[in-house]
Every structure is written in C-alpha cells, then in structure tokens.
Amino acid sequence: MVKLNRLPKASDGNTIDETLFGLIAEDIEKQGYSIRPSALPDAIASSLYSHQLSLSANKYSDAGIGRGGDYLKNEFVRTDEICWITGESEAGSLWIDWTSRLQNFLNQRLFLGLFSFESHFAHYSPGDYYKRHLDAFRGEANRTLSVVTYLNPGWGNTDGGELVLYCDEHDREGLKVVPLYGTIVVFLSEEFSHEVLTASRDRYSVAGWFRVNTSIDNKIDPPC
Ligand code: OGA
Ligand code: MN
C-alpha cells in the first residue's frame, strides 16, 4: 500500500490552510486587513516558539529603521531586537513554506503580484515599543503586504504590547490586537500605519513582508 502524504482536508474539501487563506483573502479584499486569532497551524507555531526561545541573545540585533546604507538605529521609534529568518532552521523553513503557499494563494485569488518575502523574529523586552509607522518606506514602496504572528501563550489584559492598526492617517483610535499565541494579522503595507504599545513582559512575534517586483532596466530589486 502506498501511503499518500496528503494535507488534512476540511469538510468543504479544501485543505485547512486553503480554508484559512480564503478567509484572509476575503478580509483583505473587503477591508484591507485580516485579524485571525488561533490561526497559525500548531506545528508551525510550536516550532517557531521553541526556536525563538532558543535564540541566544547574540543572534538578535537592535532593530533599525530603513535598509542598507539608510539603516538607522532610532530609539525614539522602536526599541525591540530582531533576527532575520533565513530558512536554515526547521522552524524557519516551515514558516517560509507556509508563507509561500499563502503568497501563491493570494496571487491567484487577488492578483497581487507578490514576488518575494522577507521576515524576522522580534523580541520586545519589558518597556519596549514601536511607535506608529508604515511598513512601506519612501524609496521602497514595493512592500505590499505585511504579515505578523504572535508567539505569546497566555498574554493578559495588563501585559500591554498590543498592536494598534490605524485605518487611515486621521484615525487616532485604531484597532487593538492582543499579541496572543497563534494570532495572525495581515494588512496592506502602504495603507495601514500601526504601532506596538509598550510591552510589560517579554513579547515574541514574527513579522514579514511580501514584495512586488520593481525591476527597472538592469536594476534588479529584490536581488534574488
Ligand atoms: C514591524 C511591526 C508589529 C508587531 O515589525 O514592522 O510593526 O505587532 N510589528 O510586532
Ligand atoms: Mn510595522
């Protein structure tokens, strides 16, 4: 007997991932963002969680603003530490495989033309924050879709560290998202400014960005 390694199916015949991807696509189409609690598949969440905990302090670097020569460490804006995900670890490769299936699904469903993906672990120590910002910077408007997932079991109401998503530049109130284990947030990078309120305990997340290809003439960007 040949044992086929099939992905689990939901009752409608879609794989469980496709069902979730479909809900995310609908949310993005309707409102430009999607907030999905307990959505990250267990195997990926637990692998990312233990990998993140095992990252020694020297694997992280202070988060900066901008890239390459524009990279600036700016404590006024953000104080967390980050570690880019390369896919070398089991956890990293599970995550990259899942996000690439999400990318393909959203491209087919919404014609977004997402072309590449980059992501990092982030650790906020008590007292850390990230002030209101947009993920798509001037000169790199090719970040199209942001995705964040959280790795904090039992995050409580008094633990702070909420993500606040602002619907437009005039919005002062925003939507608060508790950074609870397994929650996935996806939003259009150029539309939604957002911030991370001061965390009062260690806060772990993975943030990533899908980009479109903006190659002009012989200049290839992104370089892969
Ligand atoms: C980011 C970011 C949000 C979060 O890294 O750009 O906005 O909730 N992260 O961790
Ligand atoms: Mn951001």
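## Strand 11 and the ligand beside it

Strand 11, residues 203-212, is mostly covered in this predicted model, with 10 of its 10 residues buried. Its side chains split into two sets: R203, S205, A207, W209 and R211 point one way, while Y204, V206, G208, F210 and V212 point the other way. Whichever way they point, all of these residues are buried.

Now for the neighbours. Strand 4 (residues 114-124) pairs with strand 11 in the antiparallel sense, over 10 bridges. Strand 6 (residues 143-150) also runs antiparallel to strand 11, and 7 bridges join the two. G208 is a handy spot to look at: S119 stands opposite G208, and G208 is the bridge partner of V147 too.

Then there's ligand 1. It has 13 residues around it, and the closest are H133, D135, Y150, H194 and R203. Three side chains put a polar atom by an oxygen atom of the ligand, as listed here:

| Side chain | Distance to an oxygen atom of ligand 1 |
|---|---|
| D135 | 3.2 Å |
| Y150 | 2.6 Å |
| R203 | 2.8 Å |

On its own, ligand 1 exposes 290 Å², and the protein buries 98% of that. The elements giving two or more residues to the shell are strand 5 (130-133), strand 6, strand 10 (193-196) and strand 11. Which element gives the most to this shell? That's strand 11, with 4 residues. As for chemistry, the shell residues divide into 7 nonpolar, 3 polar and 3 charged.

How values were computed. Residues numbered from 1 in each chain as written. Chains lettered and ligands numbered in written order. Predicted model: local features only at pLDDT ≥ 70, side-chain atom pairs only at ≥ 80, totals over all residues. Heavy atoms only, no water. Buried < 20%, exposed > 50% of the residue type's maximum accessible area, 1.4 Å probe, protein only. Pairing = 2+ DSSP bridges. Near = heavy atom within 4 Å. Polar contact = N/O pair within 3.5 Å; in protein donor to acceptor, adjacent residues only side chain to side chain. Areas by Shrake-Rupley, 256 points an atom, 1.4 Å probe, with all protein chains shown as cover. Nonpolar A, V, L, I, M, F, W, Y, C, P; charged D, E, K, R; others polar.
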